[in-house]
Each structure stands twice: as structure tokens, then as C-alpha cells.
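Visitor: I would like a close look at one part of this protein. Please keep it brisk and take me through the side chains there.

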Amino acid sequence: MGRPGGAGGWLGRRGQSLTELTLFLPLLVLLIAGLAELGFALAGYMALQDATREAARFGADGDPCNGADVGDPANPCDSDPTFPLDFYQQIATLFDQTFQPYRLDPALGDDLVISAFGIQSDGALAWRLPRNRPYGWSRYGNRTSRFSNATIKERMGHPPSKGVLIVEVYYHHRHRLGLFRWLLPDPIPMYAVSTMPLPAAEPVTLP
């Protein structure tokens with residue numbers, strides 16, 4: 001003979017558990033969704049950093065002036081606004097390949113900005129390339145470099161003479177789930193920068 005109220009007690013506990021589950025399940029789902037959205041954003045940012053670094057590393061082996069002496073006043077790399085920009089376009093192409101499956105969207109304000117600097121042994125800035133674009137080469141014309149000439153001189157220090165390449169990428173990451181637009185901007189603005197030595201831009205003689 002069972003204990004009085006045994007079955008009823010079991011049913012009562014089961015009903016209480018179902019009630020608790022009903023109350024806390026939405027919170028649990030929201031928490032999991034938040035972690036997933038954060039994971040997507042973090043993955044996008046890590047991919048952005050890696051692609052920016054690889055693009056800068058690739059560009060560090062290149063020559064923005066195709067072998068010409070950047071200290072020569074007659075060098076078209078310094079003075080001709082129609083000088084071919086293959087050096088910068090190749091870096092941008094490498095970035096695209098590395099950044100896949102993500103991509104820059106100029107309609108959102110995304111952009112890739114590249115600047116090359118020659119710094120003399122006394123710390124003075126000899127030039128910034130492309131010479132006809134004082135705020136860096138911009139792929140889509142949406143952004144400019146965050147690095148002013150004064151900032152470069154301050155950060156790079158003094159001797160020896162050096163060439164420096166800076167690749168900056170502005171990217172907007174769209175939400176995947178779309179549940180947290182009330183909490184986070186959509187798209188989420190991101191920025192990555194990579195600095196590499198650029199031997200081809202080292203100043204030899206003053207322009």
C-alpha cells in the first residue's frame with residue numbers, strides 16, 4: 001500500500017519543474033544566442049586582423065616605386081599623379097583572398113588604406129607615399145589614415161633611416177542572428193592596423 005499523496009506529490013514536483021523550465025528557458029536561449037552572436041563577431045574580428053597582417057607582410061616585400069630611387073626629384077613615384085598604383089592594388093587583392101569568406105562592403109563605409117613612409121636617421125619624415133595622396137591610398141575613398149605625419153615621426157623614433165608600410169582596414173560586421181540590435185550597433189564597426197618595415201621606401205638621399 002503506497003504512501004498517501006505519493007503520486008500527487010510526484011506530479012506536483014513535476015509540474016513545478018515544468019513551470020521553472022518555462023520561466024528560465026527563454027533566458028537560457030537568449031544567453032546562448034548572445035554567446036553565438038559574440039562568437040560570430042569575434043571570429044570576424046580575428047579574420048580581419050589576420051588578413052590585415054598578411055596583407056602588410058605581403059606588401060613589405062614590394063616596392064611602391066618599382067625600383068626607382070624615391071629620393072630622386074624626377075622619380076614619377078613622387079610627382080606624377082597618374083603613376084601606376086599596382087603596389088597598393090596587389091596588397092588589396094591579397095587582403096581579399098585572405099579575408100574570405102568575409103568581404104569589405106564599400107556601401108557600409110568599409111575601406112582599406114595603405115601608406116608608405118620614408119624616415120631619415122634624424123627622425124624627420126622624408127616622404128609619404130603615394131606622394132599625391134597625403135592621407136594614404138584609399139581603396140574606396142571612404143576613409144583616410146589615422147596616422148598623421150607627426151604621429152609617424154613620434155612612433156618610429158630616430159636612427160637608422162627606415163621605410164615603413166602601414167595597412168589599415170575599416171570593416172563593419174553585420175549581426176548574424178539579429179536579436180541584439182537593441183543592445184549593439186548593427187553593423188558593428190571594426191578597425192585593424194598592421195605596420196611592417198618597407199626596405200624599398202628607405203630614404204637614401206633627400207628629395
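Is R57 buried, partly exposed or exposed, and what is its relative accessible area?

Guide: This is a predicted model. In it, R57 is partly exposed, with a relative accessible area of 37%. The cut-offs matter here: buried means under 20%, exposed means over 50%, and partly exposed is in between.

Now the partner. R57 meets E54 in a salt bridge, 2.5 Å from N to O. E54 is also partly exposed, at a relative accessible area of 35%. Both residues lie in helix α1. They are three residues apart, about one turn of the helix.

Helix α1 holds another such pair. The side chains of D50 and R53 form a salt bridge at 3.2 Å, N to O. D50 and R53 are three residues apart in α1, so about one helical turn separates them. D50 is partly exposed, with a relative accessible area of 39%. R53 counts as partly exposed too, at 33%.

The model has four salt bridges by the rule used. One of them joins R139 to D96, with the closest N and O atoms 2.5 Å apart. R139 sits in the loop between β3 (137–138) and α4 (149–156), and D96 sits in helix α3 (residues 86–99), so this pair ties together parts that are 43 residues apart in sequence. R139 is partly exposed at 26% relative accessibility. D96 is partly exposed at 27%.

Back to α1, which spans 6–59. This helix also helps to line the second largest pocket. That pocket has a volume of about 160 Å³. Its lining consists of G34, E37, L38, A41, F180, L183, L184, I188 and M190. The largest share, four residues, comes from α1. β5 (188–197) supplies at least two. By class, the lining has seven nonpolar residues, one polar and one charged.

F180, one of the lining residues, is buried, with a relative accessible area of 7%. The model has seven aromatic pairs by the rule used. The ring centres of F180 and W182 are 6.4 Å apart and their planes stand at 35°, so the pair is tilted. W182, in contrast to its buried partner, is exposed at 62% relative accessible area.

Two arginines lie over ring faces. R176 is over the face of F40, 4.9 Å from the ring centre. R146 is over the face of Y191, at 3.7 Å from the ring centre.

R176 also appears in the lining of the largest pocket, together with residues including Y102, D105 and Y171. That pocket has a volume of about 190 Å³. Its lining has four nonpolar, two polar and five charged residues. Y102 and Y171 form one aromatic cluster with F95 and F99.

Conventions: Residues are numbered from 1 along each chain as its sequence is written. This is a predicted model: local features need pLDDT of at least 70, side-chain atom pairs count only at pLDDT 80 or more; totals for chains, interfaces and linings use all residues. Side-chain values use heavy atoms; hydrogens and water are left out. On a 1 Å grid over the protein atoms alone, a cavity is a set of points where a 1.4 Å probe fits but cannot get out, and a pocket is an open set with protein on both sides within 12 Å along at least five of seven lines; lining residues have an atom within 4 Å of a point. Grid points are joined across faces, edges and corners, and a volume is the space filled by probe spheres set on the points. Ala, Val, Leu, Ile, Met, Phe, Trp, Tyr, Cys and Pro count as nonpolar, Asp, Glu, Lys and Arg as charged, and the others, Gly among them, as polar. Rings of Phe, Tyr and Trp (its six-membered ring) pair if their centres lie within 6.5 Å; planes under 30 degrees apart count as stacked, over 60 as edge-to-face and the rest as tilted. Buried means under 20% relative accessible area, exposed over 50%, partly exposed in between (1.4 Å probe, protein chains only). A charge sits over a ring if NZ of Lys or CZ of Arg is within 6 Å of the ring centre and within 35 degrees of the ring normal.
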